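Student: I've just opened this one and don't know my way around yet. Could you walk me through it?

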Amino acid sequence: MPFYEPQNCPSKELFPGVTITPIWGEHVMMSFVRFSFANALVPTHQHPHEQAGTGLEGEFELIIDGEARVIRAGDAYVIPGNTPHSARSLTENAYALDIFYPILEEYTRDLL
């Protein structure tokens, strides 16, 4: 299927207050990330997948390999594979779009 309405796609809560809505193809995945309250946290982690993204609404702090930035709507970032990173919302209902290559299968598992 080539067209999706993210609001009608399955979502899953990764951490308290952090919900993702992944949409994926054969090799690439988009993940809409919603922080439902201020200070919702994605703890420091890393994965072999390359990740890029952009802020869509609100603000969140993104720490990539020890460097912290506040991400607002329109700001973009790239996280190389195997690089430690974390995120924490600064506002209620912060919203971002992350793109992964290859697909982060643990995000899509249980949503098929």
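Student: Which strands each supply at least two residues of the lining of the largest pocket?
Tutor: Keep in mind that this is a predicted model. The lining of the largest pocket includes L62, I64, R69, V70, Y77 and V78. Sort those by strand and you get at least two apiece from β6, β7 and β8 (76–79).

Student: And which strand gives the largest share of that lining?
Tutor: Look at the lining residues again: E67, R69, V70 and I71 are among them. Strand β7 covers residues 67–72. With four residues, the largest share comes from β7.

Student: What volume does the largest pocket have?
Tutor: Its lining also takes in D75 and A76. The volume comes out at about 170 Å³.

Student: How do β6 and β7 run, parallel or antiparallel?
Tutor: β6 spans residues 59–64, and six bridges join it to β7. One facing pair is F60 and, in β7, I71. The two strands form a hairpin with two residues between them, and they run antiparallel.

Student: Which residue in the turn has a positive phi?
Tutor: The turn belongs to the hairpin of β6 and β7. The phi there is about 50°, and the residue is D65.

Student: Is M30 buried, partly exposed or exposed?
Tutor: M30 sits in strand β3 (residues 29–35). It also joins V28, I99 and Y101 in a nonpolar surface patch with about 340 Å² of accessible area together. Buried would need under 20% relative accessible area and exposed over 50%. M30 has 31% relative accessibility, so it counts as partly exposed.

Definitions and conventions. Residues numbered from 1 in each chain as written. Predicted model: local features only at pLDDT ≥ 70, side-chain atom pairs only at ≥ 80, totals over all residues. Heavy atoms only, no water. Patch = residues over 30% accessible without salt bridge, like charges linked within 9 Å, V, L, I, M, F, W, Y side chains within 5 Å. Areas by Shrake-Rupley, 256 points an atom, 1.4 Å probe, with all protein chains shown as cover. Salt bridge = Lys/Arg side-chain N within 4 Å of Asp/Glu carboxyl O. Buried < 20%, exposed > 50% of the residue type's maximum accessible area, 1.4 Å probe, protein only. Pairing = 2+ DSSP bridges. 1 Å grid on protein atoms, 1.4 Å probe; cavity = no way out; pocket = protein on both sides within 12 Å on 5 of 7 lines; lining within 4 Å. Points joined across faces, edges and corners; volume = space filled by probe spheres on them.
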